[in-house]
Amino acid sequence: MVHARKVRKEKLMQLRKKTGSEISKSKLYYKGASAFHAVHQIDLDLLVYNRHNGRLESEMLTWQKVHAVGDDEYNIELHELIEEFLWHDNPSRNKRTLEDIKIKGQQRPGIVTLDGVIIDGNRRAMLLRRLEGERNVKQYFEAIILPDAYDENEKEIVRLETQYQMGEDAILPYGPLEKYLHAKRLRETLGVDVQEIAQLMGESQSEVKKLLGIMELMDEYLDHIGCPGLYTMLKEPTGGTKEGMFVDLYSDLNRFKGNNPAVQWSFDAEVDLLDLQTIHFDFIRFGSELTGTDKTYRAISHEGAGKKSFFAHEKIWQKFLARHRAEVDPVTENMGSLEEYVNRNPDCPTIVDAAIARDDEWKYRVRSSVKENFGLSEEELDGKVDELEPPRLLARSLNALLRIDTDSTVLLENPECRNMIVQINRLTFDMKKQIERYERSSSSP
């Protein structure tokens with residue numbers, strides 16, 4: 001069982017004050033000071049899992065959205081759900097750790113708040129509960145008890161949690177989505193500035209700004225597909241996440257806002273980039289199912305100088321955009337909202353299942369037209385690349401020749417250099433004659 005918050009807080013305060021109850025001490029940096037804190041053996045029934053555990057953030061936020069549950073609510077259903085998430089997050093590792101605990105006991109103390117929220121050690125506490133169930137023998141969690149309840153000093157407690165979960169001494173890395181969600185929580189919910197977030201997460205300030213920018217795109221995408229707050233929709237049905245596609249889109253939008261020279265037309269930094277983002281969102285919705293592992297979607301806007309993208313060429317882009325709007329947009333509009341889909345399909349177990357089924361239906365209805373449009377644009381791009389290849393190669397060759405020191409003894413004395421110069425001279429002479437013949441034939445009546 002799990003005791004009520006009032007009971008947990010009262011008993012943990014008593015344990016914290018009880019003379020001789022500590023089993024050891026452990027050093028902790030909290031509220032701007034580093035000091036040794038007492039470690040106690042705590043009854044598992046006095047502890048609850050941290051619903052904001054960074055490694056489960058996408059799952060927990062989605063569950064909250066589906067069940068319309070507030071941040072301050074905690075019940076046995078949520079307790080058991082978090083327990084299941086913690087176990088299934090990495091079953092093989094959990095099994096190994098459980099066997100290790102059976103032999104050695106808990107080796108590293110955790111950290112809990114004064115009202116029993118586990119700040120560090122959620123996974124260890126979950127394994128001790130399993131061990132208690134297996135052996136039918138009372139187990140205790142060894143941890144520092146902070147002087148504050150979670151909601152009484154949330155900002156400082158989350159600072160502490162971030163250092164332990166994401167800093168230099170972190171034992172397990174955060175998942176690919178969770179690091180974005182955690183950065184967002186620190187910045188938007190708790191008001192921590194970028195400089196401090198970078199310090200807490202062990203990242204550069206530029207990386208934190210990037211995390212926040214990509215998270216903003218992820219939220220806009222969920223709005224686009226009508227699933228705000230359902231963060232598990234950022235995962236691929238077959239495993240993994242859509243993170244890489246958002247990273248590429250973020251990179252592209254920033255390059256184009258900086259007037260990237262690879263784009264040879266005067267696009268509108270607001271209107272055209274919004275169109276680009278919207279089309280990318282549709283391709284992100286397909287995910288690896290359409291684009292495969294070779295990242296073919298990058299031809300839309302992410303290709304380098306070797307093969308410029310659809311967006312780099314105005315005519316190709318405008319035709320690609322027009323075909324997409326004509327074929328895909330009407331289907332998207334006719335799908336209706338997620339709420340309408342749920343009403344039409346009452347057999348869906350949860351709203352998340354309905355969202356996945358709705359996405360599958362959308363993909364089925366637009367798949368052929370999206371693939372056909374992409375293929376046509378690729379053919380047009382290949383033609384444009386072939387057309388632009390000679391000037392690009394000549395410019396590269398000219399730049400290389402201009403860098404050669406004509407007084408260099410290596411140039412003057414090496415016979416291989418002379419042979420190559422003769423070949424270059426012959427090739428450029430032939431090209432020049434070819435151009436002259438073309439010009440004469442073009443000017444003939």
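Start with helix H9: Val208, Leu211, Leu212, Gly213, Ile214, Met215, Leu217, Met218, Asp219, Tyr221 and Leu222 are its buried residues. Keep in mind that what you're looking at is a predicted model. Those buried H9 residues pack against four helices, namely H7, H8 (194-201), H10 (243-257) and H11 (271-286).

How far should H9 reach from end to end? With 20 residues at 1.5 Å each, the expected span is 28 Å, and the end C-alpha atoms of H9 sit 29 Å apart, so the two agree. Just past the end of H9 you'll run into Gly226, which has a positive phi of about 75°.

Now pick out one of the H9 partners, H7. Packed helix pairs are described by two things, the angle between the axes and the distance between them. For H7 (residues 178-189) and H9 (residues 205-224), the axes cross at roughly 100° and come within 9 Å. An angle from 65 to 115 degrees counts as roughly perpendicular, so that is how H7 stands to H9. On the H7 side, the contact is made by Lys179, Tyr180, Leu181, Ala183, Lys184 and Arg187, and they meet Leu211, Leu212, Ile214, Met215, Met218 and Asp219 of H9. Sort the residues of this contact by class and you get eight nonpolar, four charged and no polar ones.

Next, head over to the sheet. It's an open one, with five strands in the order E1-E2-E5-E3-E4 and mixed pairing. The edges belong to E1 (22-30) and E4 (118-120); each has a single partner strand, so one side of each has no neighbour in the sheet. On average, neighbouring strands are turned by 45° against each other, ignoring direction.

Zoom in on E3 (residues 110-112) and E5 (residues 140-145): they run parallel and are joined by three bridges. In this pair, Ile111 stands opposite Ile144 of E5. Helix H1 (residues 5-17) packs on the sheet too, where it touches E5 and E2 (33-43), and its direction makes about 115° with that of E2.

Another helix to look for here is H5, which lies across E3, E4 and E5 and runs at about 120° to E4. Is H5 mostly buried or exposed? Of its 14 residues, 10 are buried, so H5 is largely enclosed by the rest of the structure. The buried ones are Asn122, Arg123, Arg124, Ala125, Met126, Leu127, Leu128, Arg129, Leu131 and Glu132. They pack against strands E3, E4 and E5, and also against helices H3 and H4 (91-104).

You can run the length check on H5 as well: its 14 residues at 1.5 Å each should span 20 Å, and its end C-alpha atoms are 20 Å apart, which agrees. After H5 comes Asn136, with a positive phi near 55°.

That leaves the packing of H5 with H3. The axes of H3 (residues 76-89) and H5 (residues 122-135) are 10 Å apart, at an angle of about 100°. These two helices are therefore roughly perpendicular to each other. From H3, the residues involved are His79, Glu83, Glu84, Leu86 and Trp87; they meet Asn122, Met126, Leu127, Arg129 and Arg130 of H5. By class, this contact of H3 with H5 has four nonpolar, two polar and four charged residues.

Conventions. Residues are numbered from 1 along each chain as its sequence is written. This is a predicted model: local features need pLDDT of at least 70, side-chain atom pairs count only at pLDDT 80 or more; totals for chains, interfaces and linings use all residues. Side-chain values use heavy atoms; hydrogens and water are left out. Axes are lines fitted to C-alpha atoms, for helices over the stretch in contact, and angles run from 0 to 180 degrees between N-to-C directions. Angles under 35 degrees count as roughly parallel, over 145 as roughly antiparallel, 65 to 115 as roughly perpendicular and the rest as oblique. Contact means heavy atoms within 4.5 Å. Ala, Val, Leu, Ile, Met, Phe, Trp, Tyr, Cys and Pro count as nonpolar, Asp, Glu, Lys and Arg as charged, and the others, Gly among them, as polar. Two strands pair if DSSP finds at least two bridges between them. The expected span of a helix is 1.5 Å times one less than its number of residues. Buried means under 20% relative accessible area, exposed over 50%, partly exposed in between (1.4 Å probe, protein chains only).
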